[in-house]
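Me: I'd like to learn how to read a structure like this one, feature by feature. Can you walk me through it?

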Amino acid sequence: MKEDQLRQKPFDLSESDVSWVKETRDGLSLEEKVGQLFVVVQKPFSPEPEDLLSIKPGGIHLFAFSPDATKVNQQAKIVEMQSCSKLPLLVSGDLESGGFGGAIDGTNLGMNMQVAAAGRPELALAFGKGIEAEGAAIGFNWVFGPVLDINYNYQNPIVNTRAFGDTPEIVESYAIPVMEGVQNGRRMAACVKHWPGDGMDDRDQHKVLTVNSMPMQQWRETYGRVYRSAFDAGVKSVMSAHIALPAYYKELGIDDIRKQHTPGSLSYELNVKLLREELGFNGLIISDASAMVGMTSWGPRNEIVPGCIASGVDMFLFTEDLKYDYEAMLQGVKAGIITEERLNDAVTRVLALKASLGLHLERPALQDLASVGSIEHVTLAQELARNSVTLVKDTQNLLPISPEKHKRVLLIAIGSEGSLFTENGAGGSGFEKMLVEEGFEVVRNYHLKQDENDIDLVIYLTQRSPGFMQNSLRLSPEEAGGIFTWYPTYVPTMLISLGNPYTLYEMPTMPTMINGYNASAIVQREILNCLLGNQPFLGTSPVDAFCGSAWAQL
């Protein structure tokens, strides 16, 4: 890249910053330059942890899978690794829902779709600032978000509530303020994803290469529009995903079917010609996780590792085998797959991102962790929940409910606990406790009959939330059919979704439907307040919850 580009958005470097980038790059050995191309991660539950710093990587990624991933422990890990690294590290995290993504005791501020359902861009900005405050306190300096995907396909199992909505207007209105909030303090970089755009396919890149099937004119008016808006607003990085965009290759006159289905993470055409040259993106490009089948199915690993960087991607996310992938990258440089110019360009952008965050000025030290899980952020989560709970339909005029009218409640909690991005709520114990505190008698097992039932109300509480390696978010036949009993024809029945907003696809004649978008205890409390009539339903659905069905609206 040209030197004057370092002084422009999104890096905005000073003369001294530019000097540090150039002098540092030129002082690195070939092996050290190759190390800067990697963002490494300790594989969860691995019996033999790898020495992540052995290749002198450009960055590390931390998950919050395990019970010991507390804010104190996560911070200590980051500080130790920063102190042991020759160059400052980019430290990335999946902080899509707040500090909860970086530490198990961080605040679950909300899901992206929940933010849009609240209908207030100023809350989206506060949401982004909350992510930045908690993440930076722990030691993160790079957030893999916000998501710019558009939920065109309600069967998509990986985007869903991680998207802000199903139109470019909604995504633009809320994703951009979130991004600005994340980058507001100049301590953290945002990373918009998943280039060239997810939400069209009904599959997951963890399991298969997925396809964005839009014609290019429509793509430019939708996905292209939101990406350009993010670039104009100064987003520092883009995640290039294992998603194909065949229409762009057709536009270029390339008829080869395999070539048309090149994953974005391996596509020179998508990363350089479309992203950089047409849309004008000047920041850093990182691949999506490199163990996904959407990438690994494309070819031998010793080819796709250097091929990713050769295609215009600047950093390679994760490794299958640290030593093998590093050696494959190094050999790719020596064999000319990655040219010297391409290597230096990528390393320059890595160092520029670090300099834009001030990482070269002083090594991070232990920060005050008071903001992580703070009352201020819990209050923000409550405000987001209060404004986002959405009444999709109530054709039976059931609401509000009360212990006087609906004393005995059959609570049926169904769904999975597998989401990485939201607290678990499928068990229903938390919601049951809230109902009992309000004076309801809750029954969990009851054989309902057509007549003479001792049940006043049935509540389905579902949690189907986007995660990894899922086939779909659809309910099983047993769940959707209530084990062959359709309760709404027996007694008043409602459905509350703590995740997937499209559950009416399985239950189109459910007479009362509420979407909460998130399974946190805070959201469940606000849902109950609305059900009781203590507050109005303020949320507006950012997607078509009826999935295009007129029948579901009856």
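**Reading the model piece by piece**

Reply: Let's start with one residue: Ser97 has a relative accessibility of 1%, so it counts as buried. Keep in mind that this is a predicted model.

Me: Where in the fold is Ser97 found, and which residues does Ser97 touch beyond those up to four places away in sequence?

Reply: Ser97 is in the loop between β3 (90–93) and α4 (112–118). Leaving out residues up to four places away in sequence, Ser97 touches Thr107, Asn108, Leu109, Gly110 and Met111, along with Phe127 and Phe421.

Me: Next, the sheet. In what order do the 8 strands of the open sheet come?

Reply: The order is β9-β7-β5-β4-β3-β2-β1-β10, and the pairing is parallel. At the edges stand β9 (284–287) and β10 (316–317); each has a single partner strand, so one side of each lacks a neighbour in the sheet.

Me: How many of the 7 residues of β5 are buried?

Reply: Here's the general idea for strands: in a regular one, side chains alternate between the two faces of the sheet. As for β5 (residues 189–195), 7 of its 7 residues are buried, so the strand is largely enclosed by the rest of the structure.

Me: Which strands are joined to β5, and by how many bridges?

Reply: β4 (residues 142–143) runs parallel to β5 and is joined to it by 2 bridges; Trp142 stands opposite Ala189 of β5. There are also 3 bridges between β5 and β7 (residues 237–240), again running parallel. Across that pairing, Val192 has Val238 as its bridge partner in β7, and Trp195 stands opposite Ser240.

Me: What is the handedness of the unit made by β4, α6 and β5?

Reply: Follow the chain from β4 over helix α6 (residues 168–183) to β5 and you have a right-handed β-α-β unit.

Me: Now another strand: how many residues of β12 are buried, and what are its partners?

Reply: In β12 (residues 408–415), 6 of the 8 residues are buried, so this strand too is largely enclosed by the rest of the structure. With β13 (residues 441–443), β12 pairs in the parallel sense over 3 bridges, and Val409 stands opposite Val442 there. β12 also runs parallel to β14 (residues 457–463), with 7 bridges joining them; in that pairing Ala413 stands opposite Leu461.

Me: Let's try helices. Which residues of α11 are buried?

Reply: In α11 (residues 268–278) the buried residues are Glu269, Leu270, Asn271, Val272, Leu274, Leu275 and Arg276. Have a look just after the helix as well: Gly280 takes a positive phi of about 80° there.

Me: And Val523: which helix is Val523 found in, and is Val523 buried or exposed?

Reply: Val523 is in helix α19 (residues 521–531). With a relative accessible area of 1%, Val523 is buried. Setting aside neighbours within four places in sequence, its contacts are Gln114, Ala385, Gly516 and Asn518. For a long-range view, take Val523 and Glu383: they are 140 residues apart along the chain, yet their C-alpha atoms are separated by 9.7 Å.

Me: How do I look for empty space, and how much of it lies in the largest pocket?

Reply: The general trick is to roll a probe the size of a water molecule over the atoms, which shows where empty space is left. The largest pocket here holds about 560 Å³ of space. Its lining has 27 residues, and Phe63, His206, Ala289, Phe318 and Phe468 lie nearest the centre. By class, that lining splits into 16 nonpolar, 5 polar and 6 charged residues.

Me: How many cavities of 30 Å³ or more does a search of the whole structure find?

Reply: There are 2. The largest cavity has about 70 Å³ of space, and its lining includes Tyr154, Arg474, Tyr502 and Glu506. The classes in that lining are 4 nonpolar, 3 polar and 2 charged.

Me: What lines the second largest cavity?

Reply: About 40 Å³ of space lies in that one. Among the residues lining the second largest cavity are Leu95, Phe127, Ile131, Val143, Val178 and Val182. The elements giving two or more residues to this lining are α5 (121–138) and α6. By class, the second largest cavity's lining has 7 nonpolar, 2 polar and 1 charged residues. You've met two of these names already: Phe127 is one of the residues touching Ser97, and α6 is part of the right-handed unit with β4 and β5.

How values were computed. Residues are numbered from 1 along each chain as its sequence is written. Side-chain values use heavy atoms; hydrogens and water are left out. Buried means under 20% relative accessible area, exposed over 50%, partly exposed in between (1.4 Å probe, protein chains only). Helices (H or I, at least four residues) and strands (E, at least two) are DSSP runs, numbered from the N terminus. Two strands pair if DSSP finds at least two bridges between them. A crossover is right-handed if, with the strands pointing away from the viewer, the path from the first strand over the helix to the second runs clockwise. Contact means heavy atoms within 4.5 Å. On a 1 Å grid over the protein atoms alone, a cavity is a set of points where a 1.4 Å probe fits but cannot get out, and a pocket is an open set with protein on both sides within 12 Å along at least five of seven lines; lining residues have an atom within 4 Å of a point. Grid points are joined across faces, edges and corners, and a volume is the space filled by probe spheres set on the points. Ala, Val, Leu, Ile, Met, Phe, Trp, Tyr, Cys and Pro count as nonpolar, Asp, Glu, Lys and Arg as charged, and the others, Gly among them, as polar.
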